[in-house]
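Work through the exercises below with the sequence and the model at hand. Each task is followed by a solution in steps.

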Amino acid sequence: MLEKKMNTRLFEQNTVSTHDNCWAEFSIDLEFSQTLSSACHKLKVDHPEAVLKEPTKHHVSLLYGYCASESEKLMEIVKRHLTSPLTLKAGEIKRGDVSPVILLAIEHSSELDSLFHDLYENIGNKKHTLINGKYDPHITIAWSDQATLDAIDFTKLSNSLTGREFTLHTVFSLDEDKNGCNIVLDELSVMREAPQKIPLKK
């Protein structure tokens with residue numbers, strides 16, 4: 001049953017996807033998503049000019065801009081690094097470094113950093129860019145103009161989130177048409193912890 005539920009096959013289509021703009025992302029747990037949505041609501045009330053990202057689309061990007069043909073390889077690398085859901089800690093809400101976005105930073109995780117660099121070094125033809133030479137995991141929550149960004153009290157907005165732990169349960173590899181594959185990390189954990197069957201003596 002677990003094998004059926006864990007879809008790690010490359011695109012379930014009659015034809016093989018040829019997209020060269022795929023991305024891998026983690027979903028975030030529901031409880032943290034609700035807390036993040038509350039902060040976003042406050043942001044919108046205080047700064048109506050901000051354009052919020054839909055709460056259902058909140059995610060942590062892992063790698064983007066690679067070819068569909070590399071999706072299975074990417075998922076195999078993920079499974080080598082992660083054997084269970086990954087717990088991270090939220091940093092502060094801040095403005096983006098290279099574009100007018102508002103994002104929630106994520107505190108450093110050696111597990112996530114190690115996974116990213118393995119992918120970055122072994123997945124070819126990618127468009128993913130590094131910020132100041134580093135992987136910068138975050139959750140994008142809104143877009144805004146410069147004047148609004150200058151007016152936001154980011155410290156106050158971050159109060160309910162900074163230091164709060166949240167869990168990544170599923171990693172997705174998707175193409176431009178939202179076709180793709182996923183790994184449910186909870187199921188990986190169950191499969192690894194399941195006792196091995198011992199053959200009965202005849």
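A residue counts as buried under 20% relative accessible area, as exposed over 50%, and as partly exposed in between. The model used here is predicted.

**Exercise 1. Locate serine 109, and decide whether serine 109 is buried or exposed.**

Step 1. Serine 109 sits in the loop that runs between strand 5 and helix 4.

Step 2. The relative accessibility of serine 109 is 13%, so the residue counts as buried.

Step 3. Apart from neighbours within four places in sequence, serine 109 contacts Leu86 and Leu88. For leucine 88, the C-alpha atom lies 6.9 Å from that of serine 109, with the two positions 21 residues apart along the chain.

**Exercise 2. Find the aromatic pairs that involve phenylalanine 116, and classify each one.**

Step 1. Searching the whole structure gives three aromatic pairs. One of them joins phenylalanine 116 to tyrosine 120, with 5.3 Å between the centres and 35° between the planes, and it is tilted. The tilted class applies because planes under 30 degrees apart would count as stacked and those over 60 as edge-to-face.

Step 2. Phenylalanine 116 and tyrosine 120 both belong to helix 4 (residues 110–122); they are four residues apart, which means a separation of about one helical turn.

Step 3. Compare accessibility. Phenylalanine 116 has a value of 0% and is therefore buried. Tyrosine 120, at 24%, is partly exposed.

Step 4. Phenylalanine 116 also pairs with tyrosine 135; here the centres are 4.0 Å apart, the planes differ by 5°, and the pair is stacked. This pair links distant parts of the chain, since tyrosine 135 is in the loop between helix 4 and strand 6, 19 residues from phenylalanine 116 in helix 4. Both phenylalanine 116 and tyrosine 135 are buried.

Step 5. Taken together, the ring pairs make a cluster of Phe116, Tyr120 and Tyr135.

**Exercise 3. Which residues does tyrosine 120 contact, leaving aside neighbours within four places in sequence?**

Step 1. Start from the position of tyrosine 120, which is in helix 4.

Step 2. With those neighbours set aside, the contacts of tyrosine 120 are Leu63, Lys126, His128 and Leu130.

Step 3. For leucine 130, the sequence separation from tyrosine 120 is ten residues, and the C-alpha to C-alpha distance is 10.0 Å.

**Exercise 4. Describe the surroundings of serine 173.**

Step 1. Serine 173 is part of strand 7 (residues 165–174).

Step 2. With 0% relative accessibility, serine 173 is classed as buried.

Step 3. Not counting residues up to four places away in sequence, serine 173 touches Trp23, Ala24, Tyr66, Ser71, Met75, Asn179, Gly180 and Cys181. With tyrosine 66 there is a polar contact between the two side chains, at 2.6 Å.

**Exercise 5. Characterise the largest pocket and its lining.**

Step 1. The space in the largest pocket comes to about 830 Å³.

Step 2. Its lining has 35 residues, and those closest to the centre are Lys53, His59, Ser61, His138 and Thr140.

Step 3. Assign the lining to elements. Those giving two or more residues include strand 3 (59–66), strand 6 (138–143) and helix 2 (30–46). Strand 1 gives the largest share, with four residues.

Step 4. Sort the lining by residue type: 14 residues are nonpolar, twelve are polar and nine are charged.

Key: Residues numbered from 1 in each chain as written. Predicted model: local features only at pLDDT ≥ 70, side-chain atom pairs only at ≥ 80, totals over all residues. Heavy atoms only, no water. Buried < 20%, exposed > 50% of the residue type's maximum accessible area, 1.4 Å probe, protein only. Polar contact = N/O pair within 3.5 Å; in protein donor to acceptor, adjacent residues only side chain to side chain. Contact = heavy atoms within 4.5 Å. 1 Å grid on protein atoms, 1.4 Å probe; cavity = no way out; pocket = protein on both sides within 12 Å on 5 of 7 lines; lining within 4 Å. Points joined across faces, edges and corners; volume = space filled by probe spheres on them. Nonpolar A, V, L, I, M, F, W, Y, C, P; charged D, E, K, R; others polar. Phe/Tyr/Trp six-rings, centres within 6.5 Å; stacked < 30°, edge-to-face > 60°.
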